[in-house]
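This report describes a group of strands and one helix in a protein model. Please keep the structure in view while reading.

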Amino acid sequence: EEIAYRDTWGKGADSFLAMIYERLILLKGLLASDGSIYVHVDWRMTSAIRLMLDELFGTKQFRNEITWWYRKWSRGNNQFLRNHDSILFYANGQQQTFNVQRVELAESTLKRFGGKRQDFADESRTRKIVVDADSEGAFMPDVWDINSIPANSAEKIGYATQKPEALLERIIRASSNDGDLVADVFSGSGTTAAVAEKLGRKWIATDLGKFAIHTTRKRLIQVQRELKKADKPYRAFEILNLGKYERQHFVGVNPNLREAEQQAQLEKKEADFLALILRAYRAEKIEGFATFHAKKAGRLVAVGPINMPVTRLFVEELILECRQKLITKVDILAFEFEMGLFPNVLEEARSKGIDIAPKYIPADVFDKRAIEKNQVVFHDVAFLEVKPHRKGQSIAVELTDFSVFYSQDSIAAAEESLKEKSSKIVVEKGQIVKVSKDKSGIVSREQLTTKWTDWVDYWAVDFNFESKREIIRTPSFRSREEGAGGGESEFVEVWTGDYIFENEWQSFRTKRDRSIELTSVFHECDSGRRKIAVKVVDIFGNDTMKIIEVNV
């Protein structure tokens, strides 16, 4: 039921092309002088994207419009079947890395022509390519017959836009060498990163979607395990959250304005942000409260700050107003919550007769179409419990509980809206239920989650959290000592205040193996007091982390 992939540029083709153009400019600047770019887009956008690439890279740098042909058996009443996609291939400079690729030829083809050089390679004589019996095969044409991934293939992950590894392998082999850096800024299911890792290339994969990142993470761990089993080298990788750009857009002000004008602009942006959140949550705005902004279904709603986590002080002020005005049911919406805030503060509120439900604001709130289609889901904060085990100088961690209280639609609403011979998955009060209606109109329910472990898709342990600070390099400009105008850029290292979570041990489910370990291996630790971090990713792709202190 969760939407894993959606075109988030919801204002039509113009918006999509503007977004792509900005990213192509960035990629042009990042490419190595001997690098190449391959762009694959929807067939409706290919011609427009080619004009952009001609402008940015120059028509002389165009190399191929590769036709990726695949089998697709569908009807075409007023057109020929669409059985191919286009991939635009441009070089960044005149000195380009390109490794010649060849097509293997059938023995019967070579024997027919006595193993001599010919002008055609296949028996139908439909393509003119060079054959040389003494070479490794014919030069590869720009029409690639690579079928889509079969449904029963071990490669199949189930991600909507997943590409065959054979397609990416051909591209990466052709335009890079061992140790080169490959980037995919729309990584999806992580095929580019997985193939690059297998071929000994370094890689960077980025995506806006949490499902894409989580799918890629599990896939790359599998690749590492396969390479380790085959006694082949592999690299460690890190997952980094590089900014909160959508939020910064809402609070950013024009620095060239006067102070009073800046304050007025900031207040307007904060009001616009609040209106956006309440619309996505389907809540009604209210006035006359110090900490509350809206109401929904008999509950008051408080929206946390846009650029910082909800803290204990924020919740305590909310509880104080609840007691003063006899409020008993509250929802708190926030992008982030202070580490360690829950569940203790909820238990304190419950002892005072106040039911608080903390919920994460999803990135989908910035997607206009998602709001219009009521597809934005505010997930409840989950709680996890862990237990450390000691054996001499070694520590293992056991996952003992994971509590979720998600609700997405209701069983009663699903039963009323269902048509005959249909079904719907509903999440209500932490349980996933399949509601079905047969041809006679009889409704049945099947509970799909039976125990807390059903919610856990992945969990990992960092046995020495806070050992690796998150450091970013930022440009620092200074005036030139000589010459007129401008400034010279230097880089300074700045600690963000966060730490990098290192996956020193992990267990996760795959499509074929649904089992999951609940106790980590024993990890040898230095003597002294340390913090251990445990991260759980649930089946909806949400992260929950808990930090415990142990003394070794």
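Helices (H or I, at least four residues) and strands (E, at least two) are DSSP runs, numbered from the N terminus, and two strands pair if DSSP finds at least two bridges between them. This is a predicted model, in which local features need pLDDT of at least 70, side-chain atom pairs count only at pLDDT 80 or more, and totals for chains, interfaces and linings use all residues. Residues are numbered from 1 along each chain as its sequence is written, and side-chain values use heavy atoms, with hydrogens and water left out.

**The strands**

Strand β15 is joined to β14 and also to β23. The table lists both pairings.

| Strands | Residues | Bridges | Direction | One bridge pair |
|---|---|---|---|---|
| β14 and β15 | 383–391 and 394–403 | nine | antiparallel | Leu384 and Phe402 |
| β15 and β23 | 394–403 and 523–524 | two | antiparallel | Ser394 and Glu524 |

Two residues lie between the strands in the hairpin of β14 and β15, where Gly392 has a positive phi near 65°.

**The helix**

Helix α10 spans residues 344–351, and its buried residues (under 20% relative accessible area, 1.4 Å probe, protein chains only) are Val345, Leu346 and Ala349. They lie on the same side of α10 because they cover an arc of only 100° around the axis, taken from the directions from the helix axis to the C-beta atoms. Arg350 and Ser351, which are exposed (over 50%), sit on the face turned away from that buried side.

The buried residues of α10 pack (heavy atoms within 4.5 Å) against α9 (312–325), β13 (355–360) and β14. Just after α10, Gly353 adopts a positive phi of about 80°.
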